[in-house]
Amino acid sequence: MPCFGTCPVYEVSVFSDGVIVFNGEAHTKLKGIYRLPNDSDLFQRILRLLDDSDFQTFRDNYGWTPEGEESPCKEEWTDHPSTMLTMQYANSNKTVYHYHGCKGFEREDELEAIENSLFELIGLQSYVNP
């Protein structure tokens, strides 16, 4: 979900065969769907990163919660971007939604480190920063 400003809006998919697909929707250098240069080792590096960080043990949602449910956020700031990480395993999916206005939750630094590492591993700085 985009912020109200100029936050980049994009989706990237990395496949086990090294194919990388980038979809720039708004405020990115590339607009539209592009196949980025293949990286045959990238998928395995991502798996190692997610396994080493116990990705499966993160909550599914670090953001706005329905009324009556306890929020993981100690503070909630408005108009921030979101990140959604989805890992599709052989017979299951794990998705972690992170609204960046959700502050002070357990393992916040770890989740942000994973997001930053993935951004760098995939090389998105060349495609996202306008």
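Which residue in β2 is the bridge partner of Glu11? In this predicted model, the bridge partner of Glu11 is Asn23 in β2, and this pair offers a convenient entry to the strands described below.

Strand β1 is joined to strand β2, which spans residues 20-26, by 6 bridges, and the two strands run antiparallel. Both belong to an open sheet of 3 strands, in which the order is β1-β2-β3 and the pairing is antiparallel. The edges of this sheet are formed by β1, covering residues 9-14, and by β3, covering residues 32-36, each of which pairs on one side only. From one strand to the next, the twist averages 15°. Strands of a sheet pair through backbone hydrogen bonds, in either a parallel or an antiparallel arrangement.

Further along the chain, pairing in both senses involves strand β7, which comprises residues 93-99 and is mostly covered, with 5 of its 7 residues buried. In the antiparallel sense, β7 pairs over 7 bridges with strand β6, which comprises residues 82-88, and within this pairing Thr83 stands opposite His98 of β7. The two strands β6 and β7 form a hairpin, with 4 residues lying between them. In the parallel sense, β7 is joined by 2 bridges to strand β4, which comprises residues 61-62, and here Asn61 stands opposite Tyr97 of β7. Strand β7 thus takes part in an antiparallel pairing with β6 as well as a parallel pairing with β4.

Methods: Residues are numbered from 1 along each chain as its sequence is written. This is a predicted model: local features need pLDDT of at least 70, side-chain atom pairs count only at pLDDT 80 or more; totals for chains, interfaces and linings use all residues. Side-chain values use heavy atoms; hydrogens and water are left out. Buried means under 20% relative accessible area, exposed over 50%, partly exposed in between (1.4 Å probe, protein chains only). Two strands pair if DSSP finds at least two bridges between them. Axes are lines fitted to C-alpha atoms, for helices over the stretch in contact, and angles run from 0 to 180 degrees between N-to-C directions.
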